[in-house]
Amino acid sequence: MKRVGIIGVGEYLPKRILTNADLEKMVDTSDEWITTRTGIKERHLAAKDEATSDLATKAAKEALKDARVNPKDLDLIIVATITPDMQFPATATFVQANLGAKKAICFDISAACAGFIYGICVAQQFIARDTCRNALVIGAEVLSSITDWKDRNTCVLFGDGAGACVMAEVKSGGILSTYLGSDGTKTDLLNLPAGGSRLPATPKTLKERMHYLKMQGNEVFKIAVTSMVGAGQEALKRAGLKCGDVNWIIPHQANSRIINAMAKRLGFVNAQVYLNIAKCGNMSSASTATALCEAVKEGKIKKGDIVLIDAFGAGLVWGAVIIKW
Ligand code: UT7
């Protein structure tokens, strides 16, 4: 099988910023509660006329430029999102049209906060087996469109953004191991109840605010830690590596307490954890995608570094990937 790696990264964060102080005026909350319970200080919100594919396209253009790949030469576009432009067609097809990437195969992945990792794993298979020469994998969300701005339990947590990477065959380094997992018995913990075939939109579903994200935060918190620890351990085992070999962890940015607990339990002493949660909040699939991009662009991740990307989300789904940069 071919050795596959990431050859370019990009991100886009919408201009508008909503601070904790702004939220204090909207619901019964405080900067102190949000900061100590989550680590979030502010988040970016998409403009009214910005859809997920718009954010995705901007991140994609930056990643393609970084990778020096012409959109016309792209073979595959995967968008990981839970906030697609429309229920169908795939958001990836809107991105394709925006980029003029006429040759690319396009589809979306619904794996919530682990979506970017799922996308990387799928793209790796396409490239390693010679189905495609390259792939654009994007994690993009406009979570503000499914956030209940009257529910203080959830509205303080989320933000909008997009991160992208271009993947191709590499001569050295690249993906060392991957691990994905799912548990469909806990779909009730985190979901968006209405608007699908189970509960199509009616005046009643609208009135009952069923078109917004619902989460049992406490339960999700506990499982998030164990799942991310398990995913990290399995990916390390598959790569034949130990915690001490890892230079950077790019975790899903749902809650700084989850991230601290996970890093501690995994026993990371040397590795550094990259965080963008304070300025971005939880952006689901876009969290690991943007954090990876920022860590590279800031010169933190250097050639030869071992990077562990580790995430968990609704489904439940989880996954980890280890890449030698
Ligand atoms: O990305 C996908 C995965 N998502 C996650 O991993 C999220 C996991 N969950 C979490 O991060 C945390 O559970 C939350 C940040 C959502 C909540 O933190 P918590 O420490 O689990 O708080 P809690 O839900 O147990 O609530 C504690 C108290 C409650 O008050 P009472 O019942 O003790 O009086 C809540 O009503 O905090 C209250 N509360 C708030 N207070 C001020 C909940 N939200 C707020 C708020 N401001 N925004």
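Leucine 157 is buried in this predicted model, because its relative accessible area is 11%, which falls under the 20% limit for that class. Leucine 157 sits in the loop between helix H6 and strand S7, the latter covering residues 160-169. Although leucine 157 and threonine 38 are 119 residues apart in sequence, their C-alpha atoms are 7.7 Å apart in space.

A pair with another separation along the chain is formed by valine 4 and leucine 275, which are 271 residues apart along the chain and whose C-alpha atoms are separated by 26 Å. Valine 4 belongs to strand S1, made of residues 4-12, and it counts as buried at 1% relative accessibility.

**The ligand and its surroundings**

Where does the ligand lie with respect to domain 1 (4-171) and domain 2 (176-324)? Both domains give residues to the shell around the ligand, so the ligand lies between them. The shell consists of 22 residues, and the closest of them are Thr29, Arg37, Asn218, Asn255 and Asn282. Sorted by class, the shell holds 10 nonpolar, 8 polar and 4 charged residues.

Polar atoms of the protein also approach the ligand, and among such pairs are one with an oxygen atom of the ligand and an N or O atom in the side chain of asparagine 255, at 2.7 Å, and one with a nitrogen atom of the ligand and a polar backbone atom of arginine 152, at 2.9 Å. Arginine 257 takes part through its side chain, where a polar atom lies 3.0 Å from an oxygen atom of the ligand. Taken alone, the ligand exposes 940 Å², and the protein buries 75% of that area. The elements that give two or more residues to the shell are helix H2 (31-38), helix H6 (152-155), helix H8 (217-239) and helix H9 (256-266). Of the elements, H8 gives the most, with 4 residues.

**Cysteines**

How many disulfides does the structure hold? The structure holds 0 disulfides, and two of its cysteines can be followed in detail in the table below.

| Cysteine | Closest cysteine sulfur | Sulfur to sulfur distance | Relative accessible area |
|---|---|---|---|
| Cysteine 121 | in cysteine 165 | 11 Å | 7% |
| Cysteine 155 | in cysteine 113 | 17 Å | 0% |

For cysteine 121, the 11 Å to the sulfur of cysteine 165 is too far for a bond, because a disulfide requires the two sulfur atoms to be within 2.5 Å. The 17 Å between the sulfur atoms of cysteine 155 and cysteine 113 is likewise too far for a bond. Cysteine 121 counts as buried, and cysteine 155 is buried as well.

**Threonine 290 in helix H11**

Is threonine 290 buried or exposed? Threonine 290 is buried, with a relative accessible area of 0%, and it lies in helix H11, which runs over residues 285-297. A polar atom of the threonine 290 side chain lies 2.8 Å from the backbone oxygen of alanine 286, while the backbone oxygen of serine 287 lies 3.1 Å from a polar atom of that side chain.

Definitions and conventions
Residues numbered from 1 in each chain as written. Predicted model: local features only at pLDDT ≥ 70, side-chain atom pairs only at ≥ 80, totals over all residues. Heavy atoms only, no water. Near = heavy atom within 4 Å. Polar contact = N/O pair within 3.5 Å; in protein donor to acceptor, adjacent residues only side chain to side chain. Areas by Shrake-Rupley, 256 points an atom, 1.4 Å probe, with all protein chains shown as cover. Nonpolar A, V, L, I, M, F, W, Y, C, P; charged D, E, K, R; others polar. Domains from an automatic or database assignment. Buried < 20%, exposed > 50% of the residue type's maximum accessible area, 1.4 Å probe, protein only.
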